[in-house]
Amino acid sequence: MINDVQPFDRETAARIARAFRPARWHGNRYDYYYTLAKLRSDPLYPGVLAALRGCDAPLLDLGCGLGLLAHALRGDGQRQPYAGVDIDAGKIARAARIAERAGLHDARFTTADLVQALPDHRGSVAILDVLHYLPDEAQHAMLDAAAAMLVPGARLVIRSGLGDDSGRHRTTRAADWFGHLAGWMQTNPRRYPSRAFLEQRLHAAGLESSFQPLYGNTPFNNWLIVATRT
């Protein structure tokens, strides 16, 4: 169990975010300020890093965005091969360029529509803030496919807002809709999975799962789910 997970301290957040600064002083700093703010405020990456420590299986990051997880992993001393996939071609292009400039070892990025098909992979899988953007059938397919990718000792790490009747859930929905309206996310939220659904689906796939609140100092209903093959 990962207890009381908090965001990175200011020094660690600044060190990781530094890779996202533009190459020239007059370049666009949007990605830099976005990643810096996220690292300082969201406990996502400390939680995921703790969940993956001690596992050297290749990692597939579904919906990787700018590939921030790859930078956090390397900063944490984790060296497992990393593959990031996202539907947003612009983010993937920037992710690849930034990773190359930062000298990230064994990290690659690919554009793909995860609703249509998932890449071939054997190892660990990360699904971070992705499931609620998928329709029901695509959620089912992604979870089943990710479970099938796990090799002995590998881990499926999910961060998701859970669907329930809490005020945190309502706040999460509002923030995600705003993210779409602001243009950061290409699609609207579709359905937030419930804890009961995830437990049932992962159990049916032969996985044992643990659930941990990943609130940090945020008002959101975010949880960290870690599953392994029983």
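Strands β1 (residues 59–62) and β2 run parallel and are joined by four bridges; strands are DSSP runs of E of at least two residues, helices are runs of H or I of at least four, both numbered from the N terminus, and two strands pair if DSSP finds at least two bridges between them. The model is predicted, with local features needing pLDDT of at least 70 and side-chain atom pairs pLDDT 80 or more, while totals for chains, interfaces and linings use all residues. Residues are numbered from 1 along each chain as its sequence is written, and side-chain values use heavy atoms, without hydrogens and water.

Within the β1–β2 pairing, Ala 83 of β2 lies opposite Leu 60. Helix α4 (residues 68–75) completes a right-handed β-α-β unit with β1 and β2; right-handed denotes a path from the first strand over the helix to the second that runs clockwise with the strands pointing away from the viewer. Strand β3 (residues 107–111) is also parallel to β2, through five bridges, and Ala 107 in β3 is the bridge partner of Tyr 82. The connection from β2 to β3 passes through helix α5 (residues 89–102), and this β-α-β crossover is right-handed.

Strand β2 (residues 82–86) is largely enclosed by the rest of the structure, because five of its five residues are buried (under 20% relative accessible area, 1.4 Å probe, protein chains only). In a regular strand, side chains alternate between the two faces of the sheet. Tyr 82, Gly 84 and Asp 86 point one way from β2, whereas Ala 83 and Val 85 point the other way.

Key
Buried < 20%, exposed > 50% of the residue type's maximum accessible area, 1.4 Å probe, protein only.
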